[in-house]
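Reader: Hey, can you walk me through this one? I'd like to start with a single residue and then see how the helices fit together.

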Amino acid sequence: MLKSARKQEKNDEGRMPLLDHLRELRNRLLKAVLAIVVVTIVAAFFQKDIYDFLLRPILSSVGCKDGVVTAVNGKPCALLKTDTLMAPFTNALKVALMSGVLLATPVWLYQLWAFVAPGLHKGEKRYAYGFAVIGAPLFLAGGYLAYLILPQTAQIMLGFSPDSVQNQIGLDSYLDLLTRMIVVFGLAFELPLLLVALNLTGMVTGKRMLGWWRGMIVGLTAFAAIATPGGEPLSMLLLAGPLAVLYFIATGFSLLNDKRRNRGNPDADLDDDEASDLDLTPERIDEVESVSARRATLPGQASGEQDGAGSQPLNGYDDIT
């Protein structure tokens with residue numbers, strides 16, 4: 001059922017009818033979802049360990065102990081709580097599903113790229129595996145950066161609480177915030193891979209990407225300010241800095257790829273509206289074949305016949321015509 005539609009009828013250029021494209025998309029999505037479900041089931045058996053890993057940052061930074069409202073350093077602390085009877089069960093499902101999506105990243109990234117890769121040339125299809133191999137660590141690195149930033153963010157947010165107020169954080173809201181930050185940071189770290197994919201397909205050149213660097217720095221900084229909940233400058237720079245470095249790495253790769261692709265093409269650096277140089281050097285002409293100078297005449301003219309009275313041949317035609 002999950003057999004790829006492209007294996008049924010091979011085409012060197014990756015062309016398929018619309019229905020085959022839809023069938024291929026369905027198969028890729030099913031494989032990605034199946035991988036996430038399998039990893040989610042496995043993660044459900046280790047939910048206690050995963051809970052400890054996810055709660056460690058906030059408990060170590062702002063966790064309350066012995067019912068006090070301030071930590072040892074005098075700063076406000078917080079107590080994690082659940083509100084409803086079903087909350088522990090739903091939170092456990094949420095933790096398992098989040099783990100499934102994160103740990104199955106190599107699989108669904110490969111399925112995504114494998115659906116797009118047939119549009120590339122034969123020599124470029126090998127990048128499908130590289131996309132998954134590089135994309136998965138980038139996504140996980142972005143998620144781990146969000147995990148590291150969260151404790152400092154929690155301290156800043158709780159700093160607005162009065163000293164006499166005890167902060168109680170719902171476990172479900174904390175998991176929602178953590179999940180949102182991990183997904184946003186992980187997808188943000190996929191930006192250079194997306195730019196490289198656009199360059200490999202010929203949609204964006206490295207020269208154009210290099211010309212975007214000022215706007216990209218401003219955009220990445222604004223994105224980091226929005227993505228970090230606390231709005232604290234250090235957290236913002238911790239996200240914007242790595243994204244800027246990854247962007248320039250992607251630009252450098254694209255420039256090298258364009259240089260390799262345009263090797264031997266004299267018109268590669270021309271703009272779309274710029275005319276290429278014409279080679280006006282005269283070429284040597286072969287020996288000219290001689291042609292007979294005898295005039296071609298009509299049959300009647302060759303024999304001296306006349307079509308009528310007063311008709312005389314004139315340059316191969318009768319003087320009447």
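Reader: Okay, first thing: does Leu140 count as buried, partly exposed or exposed, and why?

Author: Keep in mind that this is a predicted model. Leu140 has a relative accessibility of 39%, so it counts as partly exposed.

Reader: Where is Leu140 in the chain's secondary structure?

Author: Leu140 belongs to helix α5, which covers residues 127–158. Its C-alpha atom is 8.4 Å from that of Leu103, and those two are 37 residues apart along the chain.

Reader: Zooming out, how many helices and strands does the chain have?

Author: There are 11 helices and 4 strands.

Reader: And what share of the residues is buried?

Author: Of the 321 residues in the chain, 35% are buried. As for contacts with a separation of 6 or more, 74% of them link residues 24 or more positions apart.

Reader: Let's pick a buried one. Why does Asn91 count as buried?

Author: Asn91 has just 1% relative accessibility, and buried means under 20%, so Asn91 counts as buried. You'll find Asn91 in helix α3, residues 87–103.

Reader: Which residues does Asn91 touch?

Author: Leaving out residues up to four places away in sequence, Asn91 touches Tyr51, Thr82, Leu171, Asp172 and Leu175.

Reader: What else is buried in α3?

Author: Besides Asn91, the buried residues of α3 include Ala87, Ala92, Val95, Ala96, Met98, Ser99, Gly100 and Leu102. The helix has 17 residues, and from first C-alpha to last it reaches 24 Å, close to the 24 Å expected at 1.5 Å a residue.

Reader: How do α3 and α6 pack, in terms of angle and distance?

Author: Their axes are 10 Å apart, at an angle of about 10°. That makes α3 roughly parallel to α6, because angles under 35 degrees count that way.

Reader: Which residues meet there?

Author: On the α3 side you have Asn91, Lys94, Val95, Met98 and Leu102, and they meet Leu171, Asp172, Leu175, Asp176, Thr179 and Ile182 in α6. Sorted by class, this contact has 6 nonpolar, 2 polar and 3 charged residues.

Reader: Switching partners: how do the axes of α2 and α6 cross?

Author: Helix α2 (residues 47–62) and helix α6 (residues 171–188) have axes that come within 12 Å and cross at roughly 90°. The two helices are therefore roughly perpendicular to each other.

Reader: And what residues are in that contact?

Author: Tyr51, Leu54, Leu55, Pro57 and Ile58 in α2 meet Leu171, Tyr174, Leu175 and Leu178 in α6. By class, that contact has 9 nonpolar residues, with no polar and no charged ones.

Reader: New topic, α9. Which residues are buried there?

Author: Met216, Leu220, Ala224 and Ala227 are buried in α9. They cover an arc of only 70° around the axis, so they sit on the same side of α9.

Reader: Why would residues a few places apart point the same way?

Author: An α-helix has 3.6 residues a turn, so residues three or four places apart point the same way.

Reader: What covers the buried residues of α9, and which exposed residues are on the face turned away?

Author: The cover includes α6, α7 (191–200) and α10 (233–261). The face turned away from the buried side carries the exposed residues Arg214, Gly215, Val218 and Ile226.

Reader: Last one: what span should α9 have?

Author: With 15 residues (213–227) at 1.5 Å a residue, α9 should span 21 Å, and its end C-alpha atoms are 20 Å apart, which agrees.

Terms used: Residues are numbered from 1 along each chain as its sequence is written. This is a predicted model: local features need pLDDT of at least 70, side-chain atom pairs count only at pLDDT 80 or more; totals for chains, interfaces and linings use all residues. Side-chain values use heavy atoms; hydrogens and water are left out. Axes are lines fitted to C-alpha atoms, for helices over the stretch in contact, and angles run from 0 to 180 degrees between N-to-C directions. Angles under 35 degrees count as roughly parallel, over 145 as roughly antiparallel, 65 to 115 as roughly perpendicular and the rest as oblique. Contact means heavy atoms within 4.5 Å. Ala, Val, Leu, Ile, Met, Phe, Trp, Tyr, Cys and Pro count as nonpolar, Asp, Glu, Lys and Arg as charged, and the others, Gly among them, as polar. Buried means under 20% relative accessible area, exposed over 50%, partly exposed in between (1.4 Å probe, protein chains only). The expected span of a helix is 1.5 Å times one less than its number of residues. The arc is that of the directions from the helix axis to the C-beta atoms.
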